[in-house]
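Work through these exercises with the structure open. Try each task before reading its solution.

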Amino acid sequence: MYLGKNLRYLRKKKGLTQSDVAEKLDVKRTMISAYEEGRSEPKLAALNILAGIFNISVDEFLNRDIETSGKLLQQKQQVKVLAITVDTEDRENITLIGQKASAGYLNGFSDPEFIGQLPQFHLPQLSRNATYRAFEIKGDSMLPLGQGTIVIGSYVEQIGDIKNGKTYVLVTATEGLVYKRVYNALEEKGTLSLCSDNDLYEPYEIPGHEILEIWEAKAFISTDFPDPTAASQPLTLEDLGKMIMSLRTDIRKLT
């Protein structure tokens, strides 16, 4: 069990004293010290409160070395190899990952030969001090950027550099390529929260260790101009169905 070690680590990361935590649990400070030193174990009710304070699950609190897991994740990100191509003037190209190429990209994202076979281009407005990829998105979860829009992302080296509320293209081990608005909960729960700009889609979380590449959205290319009347259009039957399913999910969580 990692409870004592995790409690000490998370408490210090959050800037709390033992007295602060003791006050939330309505116990003496010496009891928190006993928890951290392994001389005593909290009851289930107190354990649930502790997990809530640090926004993690009870299972993670007890069975995962949170500090070590975070360090290993950071080391994994640091040794990442990024494949790029350059033009005849030694300028980095922007590689385009179309929808048809997205499945192959999961296996070939670090393979220079695979990257070299994909379309390459330049945009003069972008800084030359960064590496870029272009991804053709699918679906309607990030309206007004719809199906077929090309999102150009700047490479982010460290997962901890993700800024809350910014949009990113994430290359993931289980979800493939996703374009979402991202919120960083790595220190608290070891996850990223992925949110759609279309309210019909529920946010979801993905473990940090499943992230293979991160690209912060910097620009987009689209042949479709935004429709100013789209917000006032009536809901379709499909929209209503999604809303009902979302409401059912929320109700289940409350019961």
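The exercises below concern a predicted model.

**Exercise 1. Take stock of the whole protein.**
Task: How many helices and strands does the protein have, and what percentage of its residues is buried?
Solution:
- Start with secondary structure: there are 10 helices and 9 strands.
- Next, turn to burial. Of the 255 residues, 40% are buried, with under 20% relative accessible area as the cut-off.
- Then take the surface. The accessible surface is about 15200 Å², and carbon and sulfur atoms hold 53% of that.
- Finish with contacts. Among those with a separation of 6 or more, 63% join residues 24 or more positions apart.

**Exercise 2. Trace the sheet.**
Task: What is the strand order, and which strands lie at the edges?
Solution:
- Read the order as S2-S1-S3-S4-S9-S5-S6-S7-S8.
- This is an open sheet of 9 strands, and its pairing is mixed.
- Now find the edges. Strand S2 (120-121) and strand S8 (204-207) each pair on one side only.
- Zoom in on one pair. S5 (residues 167-172) runs antiparallel to S6 (residues 176-185), with 6 bridges between them.
- Locate one of the bridges: Thr172 has Gly176 in S6 as its partner.

**Exercise 3. Examine helix H3.**
Task: Which residues of H3 are buried, and what do they pack against?
Solution:
- Mark the helix at residues 29-37.
- List its buried residues: Ile32, Ser33, Ala34, Tyr35 and Glu36.
- Identify their partners. The buried residues of H3 pack against helix H1 (3-13) and helix H2 (18-25).
- Step past the helix end. Gly38, just after H3, has a positive phi of about 80 degrees.

Conventions
Residues numbered from 1 in each chain as written. Predicted model: local features only at pLDDT ≥ 70, side-chain atom pairs only at ≥ 80, totals over all residues. Heavy atoms only, no water. Pairing = 2+ DSSP bridges. Helix = DSSP H or I, 4+ residues; strand = E, 2+ residues; numbered from the N terminus. Buried < 20%, exposed > 50% of the residue type's maximum accessible area, 1.4 Å probe, protein only. Contact = heavy atoms within 4.5 Å. Areas by Shrake-Rupley, 256 points an atom, 1.4 Å probe, with all protein chains shown as cover.
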